[in-house]
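I opened the model today and kept notes as I went. The entries follow the order in which I looked things up.

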Amino acid sequence: MATAQNEMRCAELRRDPASPVDSAAAATGHAIPALRASGLKVRYRNGAVGIEDVSLTVNPGQIVALFGPNGAGKTTTVRAISGFLRTEGTKIVNGRVEIFGKDVTAAEPHETYAAGVATVPERRKVFSSLTVDDNLVALGALPGRGQRKAAYDRVYDLFPILAERRGQLAGRLSGGQQQMLAIARSLMRQPRVLIIDEMTLGLHHSLHEPLFVAVRQIAAQGPSVVIVDESTGFALKVADYCYLLGAGQVRDSGPAEKFRNNDLLAVGYVEGD
Ligand SMILES: Nc1ncnc2c1ncn2[C@@H]1O[C@H](COP(=O)(O)OP(=O)(O)OP(=O)(O)O)[C@@H](O)[C@H]1O
Ligand SMILES: [Mg+2]
C-alpha cells in the first residue's frame, strides 16, 4: 500500500518534458519571461563578491532549480532578484533583473513584491507567537473579506494539515509544517514568481517529497517557481530547467532531464548531506 502510494506520488512529481507552458509559448510566440536576470554581479558591503556573473531565465509556469555547492551564490542570486540585498546596502554592480519585462534591478523588496515576486527565505521565518491563520496575513491582510477567504481556501487546499491547525500557534508546528506555512503565506497574494531558498534544509527526508508535490501543484496553478534545494533527486523530478552555479557563475544549465542521470554530488555541484 505504502509502495503504491509512493509510486503515485512520484508519478505526480514527474513533469512532462514538453511542458504545456513551453508548447503554449511556442504556439503563441509569447516570449516575455516571468523572470530574467542578466549578467548579475553583486558585491557585499565588506567588498566580498557574492556573485560574479549570473544570467537566468524563468518562463511563465516553469519550475527552475538552482544548484551549487556552499558559497556558490544561490542565496545572493535569490536576494538580488527579490530586492532584499538592497535593504542592507549591498549593490548589484552589474546586470539587470526583469519581472515580466519590468526592470526591477533597483527596486526595493515591496516593489518586487508588487511586481509579483514572493520569496520564502532560507530557514523559514514564521511568527512563532501568532496562530497559523494570523501568520498568513501577518505581512499585510488582503482587503475585502471575500478575497481573504478565497486566499485562505486556496492555501488550505494546498496544505490541508495547516487547515487542521489554523488556530494553533505557529511555534508549536513541526519544522515541515512551518515550511508549509512559510510557503502558504507567500502564496496569499497569488505571486507570479515564487522563489524558495533551501526548502528542505534541516527537514527529515520523509518530508521532502510532500513539499515537492506542493511545488508541482503551485506551478500547475500558474506561478513560476524557482527552487534552491540540496534534495536534488526530487528537485530534478519536478523542475523543468536547471542552473548549476559555482563560484558566482553559471557553470551549466539545461532542461532538467539533461541532469537526471548525472551524479551532481560527484561533479561537485552539490554538497553531501
Ligand atoms: N552578508 C554577506 N556579507 C559578505 N559576504 C557574503 C554575505 N553573504 C554571502 N556572502 C558571500 O557571497 C558568496 C555567495 O554566498 P551565498 O550565500 O550566496 O552562497 P549559497 O550558494 O547560497 O551557499 P549555501 O549553500 O551555503 O547557502 C560567498 O562567498 C559568501 O561568503
Ligand atoms: Mg544559500
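**Strands and turns**

I started at a short strand pairing, where Ile-99 stands opposite Lys-102 in β5. The model is a predicted one, and I read it as such throughout. I noted that β4 and β5 pair in the antiparallel sense over 2 bridges, with β5 covering residues 102-103. The two strands form a hairpin with 2 residues between them.

I then looked at the turn of that hairpin. Phe-100 lies in the loop between β4 and β5. Its phi is positive, about 45°, although Phe-100 is not a glycine. I flagged this because most residues other than glycine have a negative phi. Is Phe-100 buried or partly exposed? I found 16 C-beta neighbours inside 10 Å, so Phe-100 counts as partly exposed.

Next I followed β4 (residues 91-99) to its other partner. Strand β1 (residues 35-43) pairs with β4 in the antiparallel sense over 7 bridges. I wrote down two of the partners: Arg-43 is bridged to Lys-91 in β4, and Ala-37 stands opposite Val-97 in β4.

β1 also pairs with strand β2 (residues 49-58), again in the antiparallel sense, over 6 bridges. There I noted Val-42 opposite Ile-51 in β2. β1 and β2 form a hairpin with 5 residues between them, and in its turn Gly-47 has a positive phi of about 95°.

**Ligand 1**

Which residues are around ligand 1? I listed Tyr-44, Asn-46, Ala-48, Gly-50, Gly-68, Asn-70, Gly-71, Ala-72, Gly-73, Lys-74, Thr-75 and Thr-76. I sorted this shell by residue class and got 3 nonpolar, 8 polar and 1 charged. Helix α3 (residues 74-82) gives the most to the shell, with 3 residues.

**Helix α8**

I checked the length of α8 (residues 175-187) against its residue count. At 1.5 Å a residue, its 13 residues should span 18 Å, and the end C-alpha atoms are 19 Å apart, which agrees.

How many residues of α8 are buried? I counted 11 of 13, so I entered the helix as mostly covered. Among the buried ones are Gln-177, Met-180, Leu-181, Ala-184 and Arg-185. I looked for what covers them: the buried residues of α8 pack against β6 (117-120), α5 (132-136), α6 (145-158), α7 (160-164), β7 (193-197) and α9 (208-220).

I took Leu-181 as a sample residue. Leaving aside neighbours within four places in sequence, Leu-181 is in contact with Val-126, Val-132, Asn-135, Leu-162, Ala-170 and Leu-173.

After α8 I moved into the loop that leads to β7, where Gln-190 is found. Phi of Gln-190 is near 45°, a positive value in a residue other than glycine. Gln-190 has 15 C-beta neighbours inside 10 Å and therefore counts as partly exposed.

**Arg-216 and Lys-237**

I looked up two basic-looking entries in separate helices. Arg-216 lies in helix α9, and Lys-237 is found in helix α10 (residues 232-238). Are they buried or exposed? The cut-off for buried is 20 or more other C-beta atoms within 10 Å. Arg-216 has 20 such neighbours, so Arg-216 counts as buried. Lys-237 has 22 inside 10 Å, so Lys-237 also counts as buried. The C-alpha atoms of Arg-216 and Lys-237 are separated by 9.7 Å, with the two residues 21 apart along the chain.

**The chain as a whole**

I closed with the totals. The protein chain has 11 helices and 10 strands. Of its 273 residues, 42% count as buried. I also looked at how far apart in sequence the contacts reach. Among contacts between residues at least 6 apart, 71% join residues at least 24 apart.

Where is the largest nonpolar core, and which residues have the most contacts inside it? The core has 71 residues. Those with the most contacts inside it are Ala-65, Leu-181, Ala-184, Val-215, Val-225, Ile-227 and Ala-239. I had already entered Leu-181 and Ala-184 as buried residues of α8. For the general background I noted that in soluble globular proteins nonpolar side chains tend to be buried together.

Note on methods:
Residues numbered from 1 in each chain as written. Chains lettered and ligands numbered in written order. Predicted model: local features only at pLDDT ≥ 70, side-chain atom pairs only at ≥ 80, totals over all residues. Near = placed C-beta within 6 Å. Helix = DSSP H or I, 4+ residues; strand = E, 2+ residues; numbered from the N terminus. Nonpolar A, V, L, I, M, F, W, Y, C, P; charged D, E, K, R; others polar. Expected span 1.5 Å × (residues − 1). Buried ≥ 20, exposed ≤ 12 C-beta atoms within 10 Å, placed from the backbone. Contact = placed C-beta atoms within 7 Å. Pairing = 2+ DSSP bridges. Core = buried A, V, L, I, M, F, W, Y, C linked by C-beta atoms within 7 Å.
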